[in-house]
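Visitor: I should like to examine how the descriptive terms used for a structure follow from computed values. May we take them one at a time?

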Amino acid sequence: MSAMENRYWEDLQPLRIPSGWTVTLHKLERGEPAELPPEDRAWPLCYTEDILQLHADLSRRRDHRTQRQRITIDLGWYPDGEPAGAFRLVAVIDSDWEHPLLTFTSRSKAAVVETLEHWLHCELMPPRYIENAAAFRRSIPAQWRTP
């Protein structure tokens, strides 16, 4: 099959991502998991721990020093490849996966896209240096707090 015949990008979910964010991985497809039978080959290929990742690199000057911070948003399917699983959307600062800023879990791709776009355009926009992650977590709506 030639590169022109393999048009995988036509199945990707369109996303509205504001400036300031870099997409490092995008394998989120248009279909809803509820539409797939459990025996479908797509489960281990499309519903994996690594579906979407984007980040914003931030910096600021303080006390004559430059401070840097990376906010990462990650989307995966857990357990990996399992029809009974769910999407997990997470936002973290500087790879602190133990203390996420925002979390959201759903079996609905539409709900995940809606939440992602809300985070990008409201909760994390404009991309800004987060001084106090604990205070940020307390300020967000309960549905996105880590349980």
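Guide: Let us begin with a definition: a residue is buried when its relative accessible area is under 20%, exposed when it is over 50%, and partly exposed in between. The model shown here is predicted.

Visitor: Why is phenylalanine 87 called buried?

Guide: Phenylalanine 87 has a relative accessible area of 1%. The limit for buried is under 20%, so phenylalanine 87 counts as buried. Its place is in strand β4. In the chain as a whole, buried residues make up 39% of the 147 residues.

Visitor: What is the architecture in which strand β4 is set?

Guide: The chain has 3 helices and 5 strands, and along the sequence they follow the pattern β-α-β-β-β-β-α-α. The C-alpha trace spans about 55 × 40 × 20 Å along its principal axes.

Visitor: How do you know that glutamate 117 and arginine 16 form a salt bridge?

Guide: The closest N and O atoms of glutamate 117 and arginine 16 are 2.6 Å apart. The criterion asks for a side-chain nitrogen of Lys or Arg within 4 Å of a carboxyl oxygen of Asp or Glu, and the pair is therefore a salt bridge. Glutamate 117 belongs to helix α2 and arginine 16 to the segment before β1, and the two are 101 residues apart.

Visitor: Which of these terms applies to glutamate 117, buried or exposed?

Guide: Glutamate 117 has 10% relative accessibility and counts as buried, because the limit is under 20%. Arginine 16, at 58%, counts as exposed, because that term requires over 50%.

Visitor: What makes arginine 70 and aspartate 57 a salt bridge?

Guide: Their closest N and O atoms are 2.6 Å apart, and the cut-off is within 4 Å, so the term applies. Arginine 70 lies in strand β3 and aspartate 57 in strand β2, so the pair ties together parts that are 13 residues apart in sequence. Arginine 70 has a relative accessible area of 35% and is partly exposed.

Visitor: How many salt bridges are found in the whole structure, and which residues are linked in a network?

Guide: The search finds 4 salt bridges, and the network links Arg60, Arg62 and Glu131. Within it, glutamate 131 and arginine 62 have their closest N and O atoms 3.0 Å apart. Glutamate 131 lies in the loop between α2 and α3 and arginine 62 in strand β2, so this pair ties together parts that are 69 residues apart in sequence. Glutamate 131, at 51% relative accessibility, counts as exposed, because the limit is over 50%. Arginine 62, at 36%, is partly exposed.

Visitor: Why is glutamate 82 called partly exposed?

Guide: Glutamate 82 has a relative accessible area of 40%; buried requires under 20% and exposed over 50%, so the term in between applies. Glutamate 82 is found in the loop between β3 and β4. With Glu49, Asp50 and Asp80, Glu82 gathers in a patch of negative charge on the surface. Proline 79 is also placed in the loop between β3 and β4, and a cis peptide bond with omega of about -10° joins tyrosine 78 to proline 79.

Visitor: What is noted about phi at histidine 64 and at aspartate 94?

Guide: Histidine 64 has a positive phi of about 65° although it is not a glycine. Histidine 64 lies in the loop between β2 and β3 and, at 75% relative accessibility, counts as exposed. Aspartate 94 has phi near 50°, likewise a positive value in a residue other than glycine. Aspartate 94 is in the loop between β4 and β5 and is partly exposed at 44%.

Definitions and conventions: Residues are numbered from 1 along each chain as its sequence is written. This is a predicted model: local features need pLDDT of at least 70, side-chain atom pairs count only at pLDDT 80 or more; totals for chains, interfaces and linings use all residues. Side-chain values use heavy atoms; hydrogens and water are left out. Helices (H or I, at least four residues) and strands (E, at least two) are DSSP runs, numbered from the N terminus. Buried means under 20% relative accessible area, exposed over 50%, partly exposed in between (1.4 Å probe, protein chains only). Patches are made of residues with over 30% relative accessible area and no salt bridge: like charges are joined within 9 Å, nonpolar side chains (Val, Leu, Ile, Met, Phe, Trp, Tyr) within 5 Å. Accessible areas come from the Shrake-Rupley method with a 1.4 Å probe; for residues, only the protein chains shown count as cover. Lys and Arg count as positive and Asp and Glu as negative; His and the chain ends are not counted. The place of a charge is taken as NZ of Lys, CZ of Arg, CG of Asp or CD of Glu.
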